[in-house]
Amino acid sequence: MNNETLENLAKRLGSNAAARLNVEATARKVVERLREQPARRTTWIHQSWLRIAAALVIVLGGAALVVRQSLVTSDAGHTAHFVADDLNDLSADELRDVLAALDEMITSDSVAVPEGSTDLHELDAQQLRAVLRSLEG
Amino acid sequence: MAQPHMVPAAHDTALIAAWQAGDEQAAAELVGRHARPLARFLAGAGAPDADVDDLVQETFIRAFRGVDRFRGHCQFRTWLLTIGSNVLKDFGRRAARRKVMPLDDGVRDTTGDPHEHAEAREAEALLAAGLKQLPRLQREVFLLRAQQGLEYEEIAAALATTPGAARVHYHHAVRRLKETVK
């Protein structure tokens, strides 16, 4: 079979069904169904928009929850953070250096150490606060 | 009721615009213009003869409902045929669930020479069977080209592919159909 024969056969395919089709009746039925269609279409649109809106609410609500949760976690992290935690990574020598530096700061002129006191254990609470304020600069 | 003679020379796009403006006659005219080619296409693509009328209606309903999506990238008829292909696919799914029996030969046309008619029917049946075995895209391209006489550019625009790819699909379809219809 050559291409032409095949194409001619294809052209005839379905011709009986097409010949039997009552075009006017089909057009009439289509128009009648289209008259009924706008309400269904509106309903479909409403349903679609409702679904879209519901999906948006779920997505945005979920996103808000995630953000809020992450903020709470972040805040909790700040609250639970201690300066002492930073010292965990320091070696004994490094800790000694820190203490020496602190000692140096305390004994320096810039720090308001009460006269006659060389040991922190001898300071009362008010004096200790004054020392700490001076350390803050 | 359709009165096609009211708008004899109107272009499809003018009729589409008229339908969008609420003119039911324009819709009826479009049905009158394209219903038979659509019926041939659907029957060629495997629609049972008894269901062709319903499928044609459903195709037009879908087309008119979604006419806002028609951008004129191809002819209205070509666009309609691709919708018909989707309608037929949905019909096939429903029929498979309901296990609809195939068309009874008794409802086919029996006029004319019985011998010629039998040969023609046999060849058509073989072709129809061969088409059913093809991948959907090959089947659509073959029908749009061989049955509807469309150019590859038009087919490509309707099926969102390239003319070269459409040509390849067509030749694959022809090669496979020749093996079926000898």
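The exchange below goes through the terms used for this predicted two-chain model and sets values against their definitions.

The model is predicted, with local features needing pLDDT of at least 70 and side-chain atom pairs counting only at pLDDT 80 or more, while totals for chains, interfaces and linings use all residues. Residues are numbered from 1 along each chain as its sequence is written, and chains are lettered from A and ligands numbered from 1 in the order in which they are written.

Me: Why is Lys182(B) called exposed?
Reply: A residue is exposed if 12 or fewer other C-beta atoms lie within 10 Å of its own, buried if 20 or more do, and partly exposed in between, with C-beta atoms placed from the backbone. Lys182(B) has 7 such atoms, so it is exposed. Lys182(B) belongs to the segment after H8 of chain B. Its C-alpha is 8.7 Å from that of Ala123(B), at a sequence separation of 59 residues.

Me: What share of each chain counts as buried?
Reply: In chain B the share is 38% of 182 residues. In chain A it is 9% of 137 residues.

Me: What makes up the secondary structure of the two chains?
Reply: Helices are DSSP runs of H or I with at least four residues, strands are runs of E with at least two, and both are numbered from the N terminus. Chain B has eight helices and zero strands. Chain A has six helices and zero strands.

Me: Why are H4(B) and H7(B) called oblique or perpendicular, whichever applies?
Reply: Two packed helices are described by the angle between their axes and the distance between the axes. Axes are lines fitted to C-alpha atoms, for helices over the stretch in contact, and angles run from 0 to 180 degrees between N-to-C directions. Angles under 35 degrees count as roughly parallel, over 145 as roughly antiparallel, 65 to 115 as roughly perpendicular and the rest as oblique. H4(B), residues 76-98, and H7(B), residues 152-159, pack at about 50°, with axes 10 Å apart. The pair is therefore oblique.

Me: Which residues bring H4(B) and H7(B) together?
Reply: Contact requires C-beta atoms, placed from the backbone, within 7 Å. Thr78(B), Trp79(B) and Thr82(B) of H4(B) meet Glu154(B), Ala158(B) and Leu159(B) of H7(B).

Me: What makes H6(B) and H8(B) roughly perpendicular?
Reply: H6(B), residues 136-147, and H8(B), residues 163-180, pack at about 95° with their axes 8 Å apart. That angle makes H6(B) roughly perpendicular to H8(B). Among the residues that meet are Val141(B) and Phe142(B) in H6(B), and Ala166(B) and Tyr170(B) in H8(B).

Me: Which residues touch the most other members of the largest nonpolar core?
Reply: A nonpolar core is a set of buried Ala, Val, Leu, Ile, Met, Phe, Trp, Tyr and Cys residues joined through C-beta atoms within 7 Å. The largest has 59 residues, and those touching the most other members are Ala27(B), Ala39(B), Leu42(B), Val52(B), Val56(B) and Ile155(B). Helix H2 of chain B, residues 24-44, gives the most to this core, with eleven residues. Beyond its neighbours within four places in sequence, Ile155(B) contacts Val141(B), Leu144(B), Arg145(B), Leu150(B) and Ala166(B).

Me: How many residues does each chain put into the contact between them?
Reply: Chain A gives 27 residues and chain B gives 39. On the side of chain A, H3(A) supplies the largest share, twelve residues.

Key. Two residues are in contact if their C-beta atoms, placed from the backbone, lie within 7 Å.
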